[in-house]
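Biologist: I'd like a close look at one part of this model, starting with how its opening pair of helices sits together. Take it slowly, please, and then follow the trail outward.

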Amino acid sequence: MSALKNILARQISLSGPITLAEYMTQCLLHPDHGYYTTRDPLGAEGDFTTAPEISQMFGELIGLCLAQSWIDQGAPSAFTLAEIGPGRGTLMADILRATRSVPGFHAAANLHLIEASPTLRAAQKQRLCDHSPTWPDTIAALPEAPLFLVANEFFDALPIRQFTRDPKGWRETMVALVDDALVAGLSDPAPIQALDHRLDDTEPGQIVETCAPAAPITAEISRRIAAHGGAALFFDYGDWQSRGDTFQALQNHKPVDPFDNPGQADLTAHVDFEAIAKAAMKATTGTASEITHSTLIPQGVFLERLGITARAQSLAKTLDGPALESHILAHRRLTHPQEMGSLFKTLALFPKGAPLPPGYDK
Ligand code: SAH
C-alpha cells in the first residue's frame with residue numbers, strides 16, 4: 001500500500017468514511033504525498049496539458065484583454081496583476097510578454113501569484129523572476145488595490161462534494177475502506193439545505209456536485225474588484241450549473257480509477273460557473289460598489305473574438321515543417337468545438353458600470 005493510501009485507510013478505519021472533498025484535499029495537497037505538492041504534473045511528460053502549455057497564443061490574447069480592460073478603467077497607476085494556480089508560470093509569462101508594449105502597464109503592475117504547491121512555486125519563480133512576483137498564502141492576503149486576475153484550470157482542482165438525489169433528500173458520495181481497498185459508496189439520504197434550489201430541476205438518481213472553497217475565493221476577489229476596480233477572467237471546463245458525475249482522475253493523459261492510487265493521479269471535477277457568479281454577486285450586493293459578471297461563453301468564441309486566427313496566421317509565417325504543423329494543431333485544439341473550444345468556458349467579473357472586458361457578452 002502506498003504511503004498516502006495507508007494514511008487514508010488508517011483515518012477511515014478510525015473515524016469512518018470521508019467525503020470526496022476530504023479525499024481530494026488529501027490526494028492533491030497532502031504536505032508530503034499530495035499530487036500537486038510533490039510534482040510538476042503538466043505537459044507531455046506529465047499527466048495533463050493545459051491551454052497555455054499548448055500555445056503561447058492563449059496567454060497573449062488574455063494579456064491583451066486584461067490590458068484593454070485596465071485602459072478602459074482609466075489605467076490605474078498601481079494595481080495587482082494576479083493569477084491563482086499559475087502552474088509553471090507559462091500563462092503569466094505570455095501575458096507579460098504580450099503587454100510589454102502597452103504604455104504604463106508593466107510599471108503599474110504588482111505581480112501576485114497564489115499557488116499551493118512548493119514545486120510549482122519554484123517553477124514560477126524561475127520563469128517570472130524578472131517581474132519580482134510575491135506569493136501570498138491566500139486570496140485574502142492580496143492587497144486592497146485594483147485587481148486584474150486570471151485563473152485557468154484552477155477551480156476544477158478544488159475539492160468537491162457529490163450528492164445523488166433520493167426521494168427522501170440527498171445521498172452523499174463517501175470514500176470507505178472495504179477489504180483494504182478505498183471504494184466510493186453512498187451515505188443514507190438526508191435533506192441538504194444548500195441543495196434546496198436543485199430540487200426542482202433534478203430527479204431521483206441524478207447527481208449534483210458542490211465546491212465549497214469556490215465561493216469564499218470568489219468573494220474575496222469580487223470585493224476587491226468592486227471596491228477598487230479591475231477584472232477577473234476565469235477559464236475552466238464546466239458549465240452553468242453542475243450536472244451529473246464529473247469527478248475524474250487522469251494519469252499519463254489517460255482516465256484512471258480515482259481511488260486506485262491516491263496522490264498519484266490528477267483529480268478534477270467540472271466547474272459550476274453559476275455557483276461562482278452567484279458567490280460574486282452575493283459578496284457585494286447591498287454595498288456601495290457592486291460587482292457584475294459576463295455571460296458564460298465558450299473558450300473558442302472568446303479566443304476568436306480576440307483575434308486568435310490573425311495571430312495564428314502571423315505566427316505561422318515564421319514557422320515551417322513540424323513546428324508549423326504543431327502550431328496549426330494547437331490553434332485547432334484551443335478553439336475547435338470538438339476539442340477544447342466548447343468544453344472549456346470563460347466568465348469575467350468586473351465592477352458594475354465599468355466597460356465589459358473585450359471578448360465577453362453581458
Ligand atoms: N493554470 C495553470 C495550471 C493549472 S493546474 C495552467 O493553465 O497551466 C492547477 C493549478 O492550481 C496548479 O498550479 C496547482 O498547484 C494549483 N492549485 C491547486 N489547488 C490549489 C489551491 N487550493 N490553492 C492554490 N493553488 C492551487
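**A pair of helices, up close**

Modeller: Helix 1 and helix 2 run roughly antiparallel to each other (that label is for angles over 145 degrees; under 35 is roughly parallel, 65 to 115 roughly perpendicular, and the rest oblique). Before we go on, this is a predicted model, where local features need pLDDT of at least 70, side-chain atom pairs count only at pLDDT 80 or more, and totals for chains, interfaces and linings use all residues. Residues are numbered from 1 along each chain as its sequence is written, and side-chain values use heavy atoms, with hydrogens and water left out.

Back to our pair. Helix 1 covers residues 3-15 and helix 2 covers residues 20-29 (helices are DSSP runs of H or I with at least four residues, strands are E runs with at least two, and both are numbered from the N terminus). Their axes come within 11 Å and cross at roughly 150° (axes are lines fitted to C-alpha atoms, for helices over the stretch in contact, and angles run from 0 to 180 degrees between N-to-C directions). The crossing of helix 1 and helix 2 is right-handed, meaning the near helix is turned clockwise from the far one by less than a right angle (anticlockwise would be left-handed).

Who touches whom? On the helix 1 side you'll find Leu4, Leu8 and Gln11, and they meet Glu22, Tyr23, Gln26 and Cys27 in helix 2 (contact means heavy atoms within 4.5 Å). Sorted by class, that contact has four nonpolar, two polar and one charged residues.

Now zoom in on Ile7, which is also in helix 1. With a relative accessibility of 33%, Ile7 counts as partly exposed (buried is under 20% relative accessible area, exposed is over 50%, and partly exposed is in between, using a 1.4 Å probe and protein chains only). Leaving aside its neighbours within four places in sequence, Ile7 is in contact with His30 and His33. For a sense of distance, Ile7 and Ala190 are 183 residues apart along the chain, and their C-alpha atoms are separated by 29 Å.

Let's hop over to Thr173, in strand 6 (residues 169-178). Thr173 counts as buried, because its relative accessibility is 7%. Its side chain is joined to that of Gln162 by a polar contact of 2.8 Å. Outside its neighbours within four places in sequence, Thr173 is in contact with residues including Thr19, Leu20, Ala184 and Leu186.

Want another pair to set beside ours? Helix 9 (residues 214-228) and helix 10 (residues 273-284) have axes that come within 8 Å and cross at roughly 50°. That makes helix 9 and helix 10 oblique to each other, and their crossing is right-handed. Among the residues meeting there are Ala214, Thr218 and Arg223 in helix 9, and Ile276 and Ala283 in helix 10. By class, the contact has eight nonpolar, three polar and one charged residues.

Then there's helix 5 (residues 56-72) with helix 12 (residues 308-316), whose axes come within 11 Å and cross at roughly 130°. Helix 5 and helix 12 are therefore oblique to each other, with a right-handed crossing. Gln56, Met57, Glu60 and Leu61 of helix 5 make the contact with Ile308, Arg311, Ala312 and Leu315 of helix 12.

Last stop: helix 6 (residues 90-98) is largely enclosed by the rest of the structure, because seven of its nine residues are buried. Those buried residues include Thr90, Met92, Asp94 and Leu96.

Notes:
Ala, Val, Leu, Ile, Met, Phe, Trp, Tyr, Cys and Pro count as nonpolar, Asp, Glu, Lys and Arg as charged, and the others, Gly among them, as polar. A polar contact is a pair of N or O atoms within 3.5 Å; within protein, one must be able to donate a hydrogen and the other to accept it, and residues adjacent in sequence count only if both atoms are side-chain atoms.
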